[in-house]
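Welcome! Take a look at the structure below, and then we will walk through it together, topic by topic.

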Amino acid sequence: MAFDSVLSSKHVCVVGAGPTGLVSARELLREGHSVVVLEQNHDLGGQWLYQAASATATVHSSVYASLRLNAPRIYMEFTDFMFTPVEGRDTRNFPGHRELFLYLKDFARCFGLTELIRLNTEVVHVGMAAETGKWIVRSRDRRTDDGEFMEEIFDAVVIATGHFSLPRLPKIRGMEEWKRKQLHSHVYRVPEPFQDEVVVVVGGSLSGSEIALELVHVAKEVHISTKHSEIPQKFVKPVAKYAHLLWHQQIELLCEDGTVLFADGSSVVADTILYCTGYSYSFPFLDTKGVIHVDENRIGPLYEHTFPPSLAPSLSFVGIPNKFIIFRFFESQGRWIAQVLSGKRKLPSADEMMKAIEEVERHQELEEPKNFIQVIAELLEVMASLQVSNNS
Ligand SMILES: Cc1cc2nc3c(=O)[nH]c(=O)nc-3n(C[C@H](O)[C@H](O)[C@H](O)COP(=O)(O)OP(=O)(O)OC[C@H]3O[C@@H](n4cnc5c(N)ncnc54)[C@H](O)[C@@H]3O)c2cc1C
């Protein structure tokens with residue numbers, strides 16, 4: 001029997017037209033599936049479609065104006081479409097955010113994805129019809145307040161909605177009573193509104209440190225508060241350089257009069273607290289009748305971060321891992337999903353997938369978390385094996 005004769009084409013809905021949705025759509029298309037991409041925004045790009053923050057409307061992107069890519073452009077490209085410098089655009093090796101947006105536009109155009117994307121279409125419900133095993137996707141036209149609802153049926157749904165949009169806030173004593181400005185980095189765009197202010201930046205990861213170093217040029221004082229008991233290495237030099245940049249341990253108490261009290265006993269009266277404390281997973285549209293659990297840090301059970309065993313392969317996720325963001329890994333996920341849906345690849349049984357998930361969880365509980373290099377090495381191994389079997 002010819003191998004191709006067992007392959008089947010599915011009608012697949014991809015939710016989200018950010019990097020992971022786009023590359024999944026390309027892989028699905030290449031595998032012969034019919035694809036519809038539903039995107040709530042007015043354009044594709046996901047996080048990379050820069051949006052001015054709004055006091056009234058919710059925005060998806062958390063990208064601020066000065067943001068540059070944190071990896072060289074070569075690490076951000078998909079296969080068969082190089083992210084090479086284009087004359088007249090931002091040709092830096094670590095370009096600004098707009099350059100990645102333009103790359104994604106070019107990518108979509110090149111692979112015929114643009115015409116598959118239905119813009120301004122917010123998915124409000126994804127649930128399985130018990131009788132048919134097909135997926136019902138309900139969406140809303142966002143161009144008007146009373147936008148029309150639409151219901152469609154798909155063989156499979158790929159969730160590619162990202163997870164850097166719902167702010168995660170710490171719980172701090174006195175937070176409710178503190179009457180001055182409290183913001184999350186999700187709505188931070190430019191430093192000017194903080195001119196001459198005393199700002200406390202909470203969190204010292206990527207966004208926290210970049211934003212603090214940007215604010216130092218306009219604010220009266222910038223206080224960075226982190227969970228560490230000693231000043232983190234990356235702040236040693238900046239704190240030595242700028243007299244009005246100060247590091248503190250975590251916040252202990254916020255007082256009604258504007259005082260911020262830190263665990264190391266120091267305090268400051270601040271105008272603004274800017275929380276750079278990360279994001280939570282959220283899939284408000286997804287109804288799996290309790291099969292999938294989502295809390296702020298975690299979504300599961302997912303086999304290899306992709307398939308929920310009892311709903312696989314018709315429901316899948318791309319881009320879920322939080323610690324590592326490698327576009328080629330997301331591409332491998334998209335290709336894997338496409339090939340499992342066509343029948344080219346097989347998944348283990350639901351029981352076996354559950355066992356594998358439990359095994360990983362047990363491992364994580366018992367042992368030290370793997371370091372970043374180990375995780376990357378393992379991922380690259382998986383990607384290499386996918387590449388080999390694709391080419392064979
Ligand atoms: C400040 C910041 C800096 C970053 N810097 C880097 C970096 O330098 N390098 C890097 O590799 N990564 C970086 N990232 C991570 C970034 O999120 C990923 O690069 C990438 O955007 C993830 O792609 P995605 O498609 O999974 O999600 P997203 O880019 O978030 O795209 C998801 C898409 O789904 C759509 N969507 C969501 N819900 C719905 C719905 N209900 N209906 C329809 N559509 C919906 C959204 O509108 C969006 O277009 C950064 C993230 C942030 C927040």
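Which element supplies the largest share of the shell around the ligand? Helix H1 does, with three residues. Keep in mind as you read that this is a predicted model.

**Around the ligand**
- There are 32 residues around the ligand, and those that come nearest are Gly-16, Gly-18, Gly-46, Gly-162 and Gly-319.
- Helix H1 spans residues 19-30, and both H1 and strand S4 supply at least two residues of the shell.
- By type, the shell residues divide into 15 nonpolar, 15 polar and two charged.

**A four-stranded sheet**
- Strand S4, which you just met at the ligand, also belongs to an open sheet of four strands in the order S6-S5-S4-S18, with mixed pairing.
- Strands S6 (149-154) and S18 (286-287) stand at the edges; each has a single partner strand, so one side of each is left without a neighbour in the sheet.
- As a reminder, strands of a sheet pair through backbone hydrogen bonds, either parallel or antiparallel.
- S4 (residues 121-128) pairs with S18 in the parallel sense, over two bridges.
- To see this pairing on the model, find Val-126, which stands opposite Leu-286 in S18.

**Two domains**
- The domain assignment splits the chain into domain 1, made of 11-165 and 279-391, and domain 2, covering 169-275.
- The C-alpha centres of the two domains lie 33 Å apart.
- Where the domains touch, eight residues of domain 1 are in contact with eight residues of domain 2.
- On the domain 1 side of this contact, four residues are nonpolar, four are polar and none is charged.

Conventions: Residues numbered from 1 in each chain as written. Predicted model: local features only at pLDDT ≥ 70, side-chain atom pairs only at ≥ 80, totals over all residues. Pairing = 2+ DSSP bridges. Domains from an automatic or database assignment. Contact = placed C-beta atoms within 7 Å. Nonpolar A, V, L, I, M, F, W, Y, C, P; charged D, E, K, R; others polar. Near = placed C-beta within 6 Å.
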